[in-house]
Amino acid sequence: MALTAHAKRALEDHFSDLKEGVHAMRYDWEVNMDWETGLCHVRLDATRNTGGVTTTDPYALRLTFDYYPLDQPGVIFVNPKTKEIGAPDQFEHWWPNIDGNPWINIQINQADPGKSYLCFQWTQEFKQTHSPLADNDPKKWDPEKHNVVGVVSTVARALQSAHYKGYRKQ
Amino acid sequence: MENKEKDGDKDQDDKKVKVTLIWGGTGASKPDHFARTDTAGEVFNAVYDRFKQTPTDQDTFELNDQSYAKTEFGVTVEKLLEKFGEKLSFEVIPPTSGA
């Protein structure tokens, strides 16, 4: 879905922090925004240490902004090379295993990969699959308090944490 | 007299330490200056003021990308400089969790 004028204005405000703000620099994000289609891809890395050998795994997040900034952006992982969601027997090769981290629960739908999602309060997919949070819940999405940069930062934090174990399928 | 006062203000500014304040919910950052005798708690509280945010008891804190415990809020900027070096980034992260 193309960006609404409201979403475009908000994204223009947030884009410099997404592209070159402190978190973008810290986690070395590569941001590719298509202003026509409204799709944004962010390449980010995860590092794992296996038997003393350090490996860097590339990931690609696909962000959508149908109801942004009033609502959370949509956030899923896609194939870093093709930017496709992928077939049921493939897609877990580009979704991470971060089980046990406190910020994000990964919900995998093996029958329908397009319905796999990152489950935390700041994603559109969370909103579509959960009851609304109470207005006074500090985790509730609030455009005065959260934006797309905080969303990507949360994913980056999980990928850089000790909970990261590699791709769901190697 | 006026010049002396200005010089005095300048001396005070020179003694202050430049730090970076970050609001984790948006990744927005701003520079600010603090005295070496100010505490970590005072600097973290300044994040709320500078970004017009309200504290919650579920917020978490990071100093230079490392988790920072609230029990350490009494530590002075001077001590933090000794431990972490010249560049200090104070970040307050609003809560979220896997659901």
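Let's start with B:Asn64, which is partly exposed because 16 other C-beta atoms lie within 10 Å. You'll find B:Asn64 in the loop between β3 and β4 (66–67) of chain B. Please keep in mind that we are looking at a predicted model. What is phi of B:Asn64? The value is near 50°, so to speak on the positive side, and this residue is not a glycine.

Here is some background for that. Most residues other than glycine have a negative phi, and most peptide bonds are trans. B:Asn64 has company in chain B: B:Lys52 has a positive phi too, of about 55°, and is not a glycine either. Look for B:Lys52 in the loop between α2 (40–50) and β3 (60–63) of chain B. Is B:Lys52 buried or exposed? B:Lys52 counts as exposed, because it has 9 C-beta neighbours inside 10 Å.

One more backbone feature, this time in chain A. The peptide bond from A:Tyr68 to A:Pro69 is cis, and its omega is near 5°. A:Pro69 sits in the loop between β3 and β4 of chain A.

Back to chain B for a moment, and to B:Lys18. This lysine is in strand β1 of chain B, which covers residues 17–23. With 11 C-beta neighbours inside 10 Å, B:Lys18 counts as exposed. Setting aside neighbours within four places in sequence, which residues is B:Lys18 in contact with? They are B:Pro31 and B:His33. Take B:Pro31: 13 residues separate it from B:Lys18 in sequence, and the C-alpha to C-alpha distance is 6.7 Å.

Now let's zoom out to the whole of chain B. It has three helices and five strands. Read from the N terminus, their order is α-β-β-α-β-β-α-β. Chain B has 99 residues, and 26% of them are buried. Consider the contacts in chain B between residues at least 6 apart in sequence: 65% of these join residues at least 24 apart.

Chain A next. Here we have four helices and six strands, and from the N terminus they run α-α-β-β-β-β-β-β-α-α. So helices stand at both ends of that order, with the strands between them. The C-alpha atoms of chain A fill a box of roughly 50 × 35 × 30 Å along the principal axes. Does that go with a compact globule or against one, and what does the radius of gyration tell us? For 170 residues a compact globule would come out near 15 Å, and chain A has 16 Å, which agrees. Of those 170 residues, 37% count as buried. For contacts in chain A between residues at least 6 apart in sequence, the share that joins residues at least 24 apart is 54%.

What about the inside of the model? In soluble globular proteins, nonpolar side chains tend to be buried together. The largest nonpolar core has 41 residues, and those touching the most other members are A:Tyr59, A:Leu61, A:Phe77, A:Ile104, A:Val152, A:Val155 and A:Leu159. Several elements of chain A give two or more residues to this core, including α1 (5–20), β2 (39–50) and β3 (53–64). The biggest contributor is α4(A), with eight residues. If you want to follow one member, pick A:Phe77: beyond its neighbours within four places in sequence, it is in contact with A:Tyr59, A:Ala60, A:Leu61, A:Trp94 and A:Trp95. Apart from this core lies another, of 18 residues, among them B:Val19, B:Ala28, B:Val43 and B:Leu88.

Let's stay with α4(A) and look at how it packs. Two packed helices are described by the angle between their axes and the distance between the axes. For α1(A) and α4(A), the angle is about 30° and the axes are 9 Å apart. The two helices are therefore roughly parallel to each other. Where they meet, α1(A) brings A:His14, A:Asp17 and A:Leu18, while α4(A) brings A:Val148, A:Val149 and A:Val152. Sorted by class, that gives four nonpolar residues, one polar and one charged.

Finally, how many residues does each chain put into the contact between them? Chain A gives 25 residues and chain B gives 19. On the chain A side, α2 (22–27) and α4 (148–159) each supply at least two residues. The largest share there, four residues, comes from α4(A). By class, the chain A side has ten nonpolar, eleven polar and four charged residues.

How values were computed. Residues are numbered from 1 along each chain as its sequence is written. Chains are lettered from A and ligands numbered from 1 in the order in which they are written. This is a predicted model: local features need pLDDT of at least 70, side-chain atom pairs count only at pLDDT 80 or more; totals for chains, interfaces and linings use all residues. Two residues are in contact if their C-beta atoms, placed from the backbone, lie within 7 Å. Ala, Val, Leu, Ile, Met, Phe, Trp, Tyr, Cys and Pro count as nonpolar, Asp, Glu, Lys and Arg as charged, and the others, Gly among them, as polar. The radius of gyration is taken over C-alpha atoms; the globule rule is 2.2 Å times the number of residues to the power 0.38. A residue is buried if 20 or more other C-beta atoms lie within 10 Å of its own, exposed if 12 or fewer, and partly exposed in between; C-beta atoms are placed from the backbone. A nonpolar core is a set of buried Ala, Val, Leu, Ile, Met, Phe, Trp, Tyr and Cys residues joined through C-beta atoms within 7 Å. Axes are lines fitted to C-alpha atoms, for helices over the stretch in contact, and angles run from 0 to 180 degrees between N-to-C directions. Angles under 35 degrees count as roughly parallel, over 145 as roughly antiparallel, 65 to 115 as roughly perpendicular and the rest as oblique.
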